[in-house]
Amino acid sequence: MTILSKALIVAGMSAAALADNYAVIAAGSNSYANYRHQADACHAYQILSKGGIPKENIILMMFDDIAQNDENPFKGKIFNKPSTGPGVDVYEGCNADYTKDEVTPDNFLAVLTGDSSKTGGKKVLNSTSNDNVFINFVDHGGVGIIAFPNGQLLHADQLQESLKTMHTKNMYKELVFYMEACESGSMFKEFPTDLNMYITTAANARESSWGTYCPPHDVVDGKSLNTCLGDLYSVNWMQNADNTDLTKESLEEQYEKVKILTNKSHVQKFGTKSMSSDMTSQFEGTGNTGNRTETVKPESHADSRDISLITLYNRYLNGGGSAAAADLIKDIEEREAADKQFAAIQKQVVGNDRREAARDHRECYRPAHEAVVAVCGPYTDYSLKHSNIIAYLCDVTGGDFATIQLAAQKVC
């Protein structure tokens with residue numbers, strides 16, 4: 001063996017030794033009605049950490065207002081599935097790096113791109129070109145947008161640009177991104193296929209994602225939590241990970257299983273599809289091989305847009321009294337107002353016609369969303385469904401967001 005050959009072998013061994021796994025998990029919502037998002041996030045954290053990914057390499061963002069919430073009958077605990085017994089508490093050991101007002105689009109993007117100057121020195125990804133990275137985002141979304149607490153939005157072009165920055169900065173060898181949100185497929189339209197990124201989403205570009213384990217299948221140890229415990233796509237990939245030797249299951253195999261089980265929306269795939277043959281363990285850890293947890297078939301699904309209403313309704317039914325009744329009525333009135341508001345904006349632009357767009361004008365989505373929010377106020381968990389009206393108006397006007405802005409000003 002030549003000296004050069006020996007040197008190449010040593011170099012390869014050194015690179016392998018330095019290779020590591022990193023992960024970013026973000027739940028972009030708050031309030032008890034969104035219980036399921038933090039349950040999903042903590043469950044994902046447990047899968048990765050128990051699967052061998054060092055905790056110091058996992059960055060978790062969540063508002064952290066569920067475990068000790070007044071409405072939570074199990075103080076200090078969070079469950080991602082029902083159980084006839086004490087259940088599996090996914091909150092234990094689920095330590096968030098960013099909480100409360102730190103859960104913002106700016107911090108999320110700074111974490112991904114390794115820019116600690118924008119996070120006040122808080123933990124960011126410091127992965128290298130030798131490392132694999134897993135990203136999991138769960139929350140509400142709309143066409144070209146995903147949501148963060150207090151009405152903050154992250155736009156598709158911003159997210160895509162940050163992912164491209166990660167590639168430019170050599171921050172990974174391969175990257176997997178799982179996104180749970182309504183219209184999540186719209187975040188990755190025309191995404192490059194040559195960045196070594198493999199992306200799946202809970203829904204296509206124009207449909208809701210769905211919650212699961214909603215009332216009455218929200219019971220743990222005889223107590224109803226009065227809300228949905230998980231999201232259907234997220235529960236499906238995580239129950240697969242809990243009960244599978246991921247060193248023997250490819251990304252494609254997991255994707256196909258999740259796609260079939262997620263039967264209320266259309267799971268999508270983007271990016272570098274040649275990564276489909278990679279073993280899932282390269283990103284999610286080994287799985288719970290030999291330590292299988294009880295799989296509970298997801299039941300009582302609900303459109304994500306309706307889960308706040310379901311939560312308030314069940315709070316009222318279960319003895320919430322006049323305060324719960326007032327909250328329920330307020331929620332219904334706000335939904336009705338949002339429906340009327342966005343219908344009026346559409347009518348201002350296209351009248352009573354339903355024109356078909358020749359093509360998408362995604363370059364208009366961000367300024368149009370921002371213009372509407374500026375005069376009509378932030379989107380809510382429910383009114384995000386009407387982001388599809390704004391996208392439609394962008395498309396039928398040929399990208400003329402100024403016309404949409406004027407319509408919003410007249411209505412709001």
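Against which helices and strands do the buried residues of α4 pack? In this predicted model, local features are taken only at pLDDT of at least 70 and side-chain atom pairs only at pLDDT 80 or more, whereas totals for chains, interfaces and linings use all residues. Residues are numbered from 1 along each chain as its sequence is written, and side-chain values use heavy atoms, with hydrogens and water left out.

The buried residues of α4 pack against α3 (105–113), β3 (132–138), β6 (153–155), β7 (174–180) and β8 (197–201), where helices (H or I, at least four residues) and strands (E, at least two) are DSSP runs numbered from the N terminus, and where contact means heavy atoms within 4.5 Å. The residues of α4 that are buried (under 20% relative accessible area with a 1.4 Å probe and protein chains only; over 50% is exposed, and partly exposed lies in between) are Ala-156, Leu-159, Gln-160, Ser-162, Leu-163 and Met-166. They lie on the same side of α4, because they cover an arc of only 160° around the axis, the arc being that of the directions from the helix axis to the C-beta atoms. Helix α4 (residues 156–168) has 13 residues, which at 1.5 Å a residue should span 18 Å, and this agrees with the 18 Å between its end C-alpha atoms; the expected span is 1.5 Å times one less than the number of residues. Just after α4, Asn-170 takes a positive phi of about 55°.

Two further helices were examined in the same way. In α6, the buried residues are Leu-251, Gln-254, Tyr-255 and Val-258, and they line one face of the helix, because they fall within an arc of 100° when seen down its axis. The elements that cover them include β7, β8, α5, β13 (268–271) and α7 (281–284). In helix α11 (residues 401–411), Ile-404, Ala-407 and Ala-408 are buried; these too fall within an arc of 100° seen down the axis, so they line one face of α11, and they pack against α8 (307–350), α9 (365–376) and α10 (387–396).

Aromatic contacts were then considered. The whole structure contains 13 aromatic pairs, a pair being rings of Phe, Tyr and Trp (its six-membered ring) with centres within 6.5 Å, counted as stacked when the planes are under 30 degrees apart, edge-to-face when over 60 and tilted for the rest. The rings of Phe-108 and Phe-148 have centres 5.8 Å apart and planes at 50°, so this pair is tilted. Since Phe-108 lies in helix α3 and Phe-148 in the loop between β5 (145–147) and β6, the pair ties together parts that are 40 residues apart in sequence; both residues are buried. The rings of Tyr-178 and Trp-237, by contrast, have centres 5.3 Å apart and planes at 75°, so that pair is edge-to-face. Because Tyr-178 lies in strand β7 and Trp-237 in helix α5, the pair ties together parts that are 59 residues apart in sequence, and both Tyr-178 and Trp-237 are buried. Together with Phe-134 and Tyr-233, Tyr-178 and Trp-237 form one aromatic cluster.

Charged groups also meet aromatic rings. The charged end of Lys-223 sits over the ring of Phe-74, 5.3 Å from its centre, and that of Lys-264 over the ring of Trp-210, 4.6 Å from its centre; the criterion is NZ of Lys or CZ of Arg within 6 Å of the ring centre and within 35 degrees of the ring normal.

The largest nonpolar core (a set of buried Ala, Val, Leu, Ile, Met, Phe, Trp, Tyr and Cys residues joined through side-chain atoms within 4.5 Å) has 47 residues, of which Ile-25, Tyr-35, Ile-78, Phe-134, Val-176, Leu-225 and Trp-237 touch the most other members. At least two residues of this core come from each of β1 (21–27), α2 (35–50), β2 (58–61), β3, β7, α5 and α6, with the largest share, eight residues, from α2. Apart from this core lies another, of 36 residues, among them Phe-137, Leu-159, Leu-163 and Tyr-172.

Ala-241, in helix α5 (residues 232–242), is buried because its relative accessible area is 1%. Leaving out residues up to four places away in sequence, Ala-241 touches Ile-47, Leu-246, Gln-254, Glu-284, Gly-287 and Asn-288. Asn-243, in the loop between α5 and α6, counts as buried at 12% relative accessibility, and its C-alpha lies 5.9 Å from that of Asn-288, 45 residues apart in sequence.
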